[in-house]
Amino acid sequence: MARSKDFDEQEVLNKAIDLFWLKGYNATSMQDLVDALGISRSSLYDTFGDKHSLFLKALESYKTSAGEKISTIAGSTPSAKEAIRRLFDFTINELLSDTRQKGCFLVNAGVEVASVDPTVNEMVCDNDQQLEKLFFTIIKNGQETGELSKDKDAHAIARFMLNTVKGMRVTAKTATDKSVFNDIVAMTLNVLN
């Protein structure tokens, strides 16, 4: 008979997300994981596999959770400009509420390991494509309703918005002044006019 686990897998995975997000993949050792997760090394291997497998599960969990939050925000208003504003406000609030200035877990993973890890690269690219598609859909809907001008290419604007969000996530690793982010968003929203 299999022994039942005496820990909550999602809680342990959340601890792994926090550790990888703070230290990065390369600087996190198996001993760091054992210490931070509060489970034995054998339980870690039995439940999550090796360090790389755990990292991928942590990234996927983070990606899914963040994607759900962003989709909810985008779908909560019929106004294109308001939806985009809310997405940027959400991003700013998430970044500035993090006193450890970790930035974005996916962006960090992309910078640290995506160039040498095809699976991480695929996850980061998939996340980027989802966010770009969300911006595109909002912009295209705004153009169709007449709220936004059709003079600009919706794909190009969506890519610009994605790049702005990613840039803000990197900037948050060194900047904590909300006015910096408000200026970035104000200039970005001018593209919609």
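This passage walks through the fold, one helix, the main pocket and a handful of residues in a predicted model.

Start with the overall layout. The protein is built from nine helices and zero strands, so there is no sheet to look for, given how helices and strands are assigned here. Read from the N terminus, the order of elements is simply α-α-α-α-α-α-α-α-α. Along the principal axes, the C-alpha atoms take up a box of roughly 65 × 35 × 30 Å. Of the 193 residues in the protein, 43% are buried. As for how the chain is tied together, 68% of the contacts between residues at least 6 apart in sequence link residues at least 24 apart.

Helix α7 deserves a look of its own. It covers residues 118–145, and its 28 residues reach 40 Å from the first C-alpha to the last, close to the 40 Å expected at 1.5 Å a residue. Both ends have something to show. At the N-terminal end, D117 acts as the cap, with a side-chain oxygen 3.1 Å from the backbone nitrogen of T119. After the other end comes G146, which has a positive phi, near 90°. Within the helix sits N127, which counts as buried because its relative accessibility is 13%, below the 20% cut-off. Setting aside residues within four places in sequence, N127 makes contact with K63 and L106.

Then there is the pocket. The largest one has a volume of about 550 Å³. Its lining comes to 27 residues, and those nearest the centre are Y62, A66, G67, I70 and F90. Four elements, namely α1 (9–23), α4 (51–74), α5 and α7, each give two or more residues to this lining. The top contributor is α4, with eight residues. As a reminder of what such a search does, rolling a probe the size of a water molecule over the atoms shows where empty space is left.

What about the loop that joins α5 (80–96) to α6 (105–113)? K102 is found there. Despite being a lysine in a loop, K102 is buried, because its relative accessibility is just 7%, against a cut-off of 20%. Not counting residues up to four places away in sequence, K102 touches D18, W21, L22, N108 and K173. Further on, V111 belongs to helix α6 and falls on the other side of the divide: V111 is exposed, because its relative accessibility is 65% and the exposed class begins over 50%. The C-alpha atom of V111 is separated by 9.6 Å from that of N121, which is 10 residues away along the chain.

Finally, the cysteines. The structure holds zero disulfides. C104 is in none, and the nearest cysteine sulfur, that of C125, is 14 Å away. Seen from the other residue, the closest cysteine sulfur to that of C125 is the one in C104, and 14 Å is too far for a bond, because a disulfide needs the two sulfur atoms within 2.5 Å. The surroundings of the two residues can be set side by side. C104 is buried, at 3% relative accessibility, whereas C125 is partly exposed, with a relative accessible area of 35%.

Terms used: Residues are numbered from 1 along each chain as its sequence is written. This is a predicted model: local features need pLDDT of at least 70, side-chain atom pairs count only at pLDDT 80 or more; totals for chains, interfaces and linings use all residues. Side-chain values use heavy atoms; hydrogens and water are left out. Buried means under 20% relative accessible area, exposed over 50%, partly exposed in between (1.4 Å probe, protein chains only). Contact means heavy atoms within 4.5 Å. The expected span of a helix is 1.5 Å times one less than its number of residues. A polar contact is a pair of N or O atoms within 3.5 Å; within protein, one must be able to donate a hydrogen and the other to accept it, and residues adjacent in sequence count only if both atoms are side-chain atoms. On a 1 Å grid over the protein atoms alone, a cavity is a set of points where a 1.4 Å probe fits but cannot get out, and a pocket is an open set with protein on both sides within 12 Å along at least five of seven lines; lining residues have an atom within 4 Å of a point. Grid points are joined across faces, edges and corners, and a volume is the space filled by probe spheres set on the points.
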